[in-house]
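Here are a few exercises to work through with the model open beside you. Try each task before you read its solution.

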Amino acid sequence: MADHLPDLDTAVSTALQAVEAALTLDELREAESSVLGKHGVFAAAKKRLASLAPEERAPAGASINAARAAVEAAIGERRAALSTGERAKLLESDRIDLTERRRPEQRGHLHLVTQTQQHLEDVFVAMGFSVEEGPLVETDWHNFQALNIPPAHPARANQDTLYLDFGAPETTLLRTHTSPVQIRTMLSKAPPIYAICPGRVYRKDTPDARHTPAFSQIEGLVVDRGITFGDLAGTIDAFTKAYFGADINARLRPAYFPFTEPSAEFEVTCAICRGDGCRTCSNTGWIELGGCGMVHPAVLRAVGIDPEEWSGFAFGFGIDRCAQVFHTISDMRVMADNDLRFIRQF
Ligand code: PHE
C-alpha cells in the first residue's frame with residue numbers, strides 16, 4: 001500500500017534542492033547526512049517496508065533504492081564541483097610570491113681549521129701528493145708498534161694517550177698522531193708513495209696558548225728510490241713558501257722520533273712577533289709546527305717494504321698551529337671554543 005510510504009518524488013526533489021543549496025563541502029556533508037542518514041527520509045521509508053504486504057515489498061524497495069541512488073549521484077556531482085572550487089580558493093590564498101625579497105639568509109661556513117686543512121691539501125696536491133685518510137680509533141700496533149715504538153718505550157710518555165675500554169687493556173686508543181696513516185698507506189699501496197694524511201688526533205694534554213687535547217695534524221709520506229734528507233728539506237721549504245708566503249722562514253732542528261732517523265723538528269717564524277719573541281712563542285721567535293725525518297728502516301720492514309731498495313721521508317705538523325701562525329691567533333684555545341665572534345672572522 002503506497003500510502004504507507006512517504007512520497008518519494010517529493011523526497012527526492014527536496015533532497016536535490018538541499019544539495020544544490022549547499023555552497024561549501026561542509027554544508028553538503030550536513031545535507032547528505034540529514035537526507036541519507038539514519039534519521040533521513042529514505043531510512044524512514046525502508047523501515048516501513050515491513051508493514052507492506054509481502055508482494056509489495058520488492059517493488060517498493062526497488063523504488064526507494066532508485067530514489068536514493070538519484071540523490072547520491074547528485075551529491076557526488078556537487079561534491080566534485082565544490083572541491084574543485086575550494087581547492088582553487090585554497091591555492092589562491094596559499095600562494096607564495098617566490099620573487100619576494102626577504103632578509104638575506106645567514107649561512108654558516110666551514111670552520112677555520114677545516115678551511116686551513118683544505119688550503120694545506122691544495123698546496124700539497126699541487127706538489128703531486130695524494131690525500132689519504134685513516135680511522136680516529138686506532139690499534140696500539142698502528143699508532144705505536146709499527147712505528148718502532150714498542151710497549152714501554154719512553155717515547156710513549158711524550159704522547160699522553162687516551163685508551164679506549166675495548167678489547168685487551170691498552171690495545172685500542174684515540175690516535176695520538178696521524179703517523180698511523182703512514183702505516184696504513186704503506187700496507188695498502190706499493191711504492192712509489194707521495195701521500196699526505198690530514199685529520200684529528202687526541203692527547204691527554206692540558207689546554208694552553210699552543211695546545212688543545214683534540215687537534216688536527218697533517219702527515220706527509222714519501223717512499224721512492226733514492227730519496228734523501230735534501231728532498232725532505234726542499235719539500236718543507238717549498239711548502240712553507242707556498243703556504244705562508246715569503247716573509248715566514250722555516251728551520252729544521254735536530255730531534256728524535258723513533259720512526260724517523262735522522263729526525264728533525266720543523267719550526268717557522270712566529271708570525272705574531274715576527275721573530276722578536278712573545279708569549280705565544282715563549283720568547284723564542286719560532287713556533288714549532290711539527291716533526292720530520294727519514295723513514296726508519298724498521299718502519300719500512302714492519303710493512304714489508306725493503307729498506308735496501310726504497311727510502312723515504314715523513315713529516316707531521318699541526319693544522320691548528322698553521323692557522324694560528326697564518327692568522328696570528330695568540331691563543332689556540334679559541335679554535336675549540338665555538339665562539340661565533342671568533343668563528344665569523346674567517
Ligand atoms: N708524529 C709526530 C708527532 O706527532 C710528528 C712526525 C711525523 C715526526 C712524521 C716525524 C715524522 O709528534
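The expected span of a helix is 1.5 Å times one less than its number of residues. Keep that rule handy, and keep in mind that this is a predicted model.

**Exercise 1. Work out whether the ends of helix 4 lie where the rule puts them.**

Step 1: Helix 4 covers residues 54-93, which makes 40 residues.
Step 2: At 1.5 Å a residue, the helix should span 58 Å.
Step 3: The C-alpha atoms at its ends are 58 Å apart, so the model agrees with the expected span.
Step 4: Now look at what is tucked away. Buried residues of helix 4 include Ala60, Ile64, Ala67, Val71 and Leu82. Arg78 is also among the buried residues of helix 4.
Step 5: Among the elements covering those buried residues are helix 1 (8-21), helix 2 (25-36) and helix 3 (41-48).

**Exercise 2. Do the span check for helix 2, then find out how its buried residues are arranged.**

Step 1: With 12 residues at 1.5 Å each, helix 2 should span 16 Å, and its end C-alpha atoms are indeed 16 Å apart.
Step 2: Pick out the buried residues of helix 2: they are Leu25, Leu28, Ala31, Val35 and Leu36.
Step 3: Look down the axis of helix 2: the buried residues fall within an arc of 115°, so they line one face of the helix.
Step 4: Here's the general idea to recall: an α-helix has 3.6 residues a turn, so residues three or four places apart point the same way.
Step 5: Check the other side of helix 2, where Asp26, Glu30 and Ser34 are exposed.
Step 6: Finally, see what the buried residues of helix 2 pack against: helix 1, helix 3 and helix 4.

**Exercise 3. Describe the surroundings of His177.**

Step 1: Find His177 in the loop between strand 3 (172-174) and helix 7 (179-188).
Step 2: Is His177 buried or exposed? Its relative accessibility is 3%, and buried means under 20%, so His177 counts as buried.
Step 3: Trace its polar partners. The His177 side chain reaches the backbone oxygen of Asn143 at 3.0 Å. A polar contact of 3.4 Å also joins the side chains of His177 and Ser179.
Step 4: Leaving aside residues up to four places away in sequence, His177 touches Asn143, Leu147, Gln159, Val201, Arg203, Gln217 and Phe259.

**Exercise 4. Classify two aromatic pairs, Phe239 with Tyr243 and Phe244 with Phe326.**

Step 1: Start with the total: 16 aromatic pairs.
Step 2: For Phe239 and Tyr243, the ring centres are 5.8 Å apart and the planes meet at 15°; planes under 30 degrees apart count as stacked, so this pair is stacked.
Step 3: Both Phe239 and Tyr243 sit in helix 8 (residues 229-244), four residues apart, or about one turn of the helix. Phe239 and Tyr243 are both buried.
Step 4: For Phe244 and Phe326, the centres are 6.5 Å apart and the planes are at 45°, so the pair is tilted.
Step 5: That second pair links distant parts of the chain, with Phe244 in helix 8 and Phe326 in helix 10 (residues 319-326), 82 residues apart.
Step 6: Compare accessibility: Phe244 is buried at 8%, whereas Phe326 is partly exposed at 35%.
Step 7: Put the pairs in context. One aromatic cluster includes Phe239, Tyr243, Phe244 and Phe326, along with others such as Phe124 and Tyr194.

Definitions and conventions
Residues are numbered from 1 along each chain as its sequence is written. This is a predicted model: local features need pLDDT of at least 70, side-chain atom pairs count only at pLDDT 80 or more; totals for chains, interfaces and linings use all residues. Side-chain values use heavy atoms; hydrogens and water are left out. Helices (H or I, at least four residues) and strands (E, at least two) are DSSP runs, numbered from the N terminus. Buried means under 20% relative accessible area, exposed over 50%, partly exposed in between (1.4 Å probe, protein chains only). A polar contact is a pair of N or O atoms within 3.5 Å; within protein, one must be able to donate a hydrogen and the other to accept it, and residues adjacent in sequence count only if both atoms are side-chain atoms. Contact means heavy atoms within 4.5 Å. The arc is that of the directions from the helix axis to the C-beta atoms. Rings of Phe, Tyr and Trp (its six-membered ring) pair if their centres lie within 6.5 Å; planes under 30 degrees apart count as stacked, over 60 as edge-to-face and the rest as tilted.
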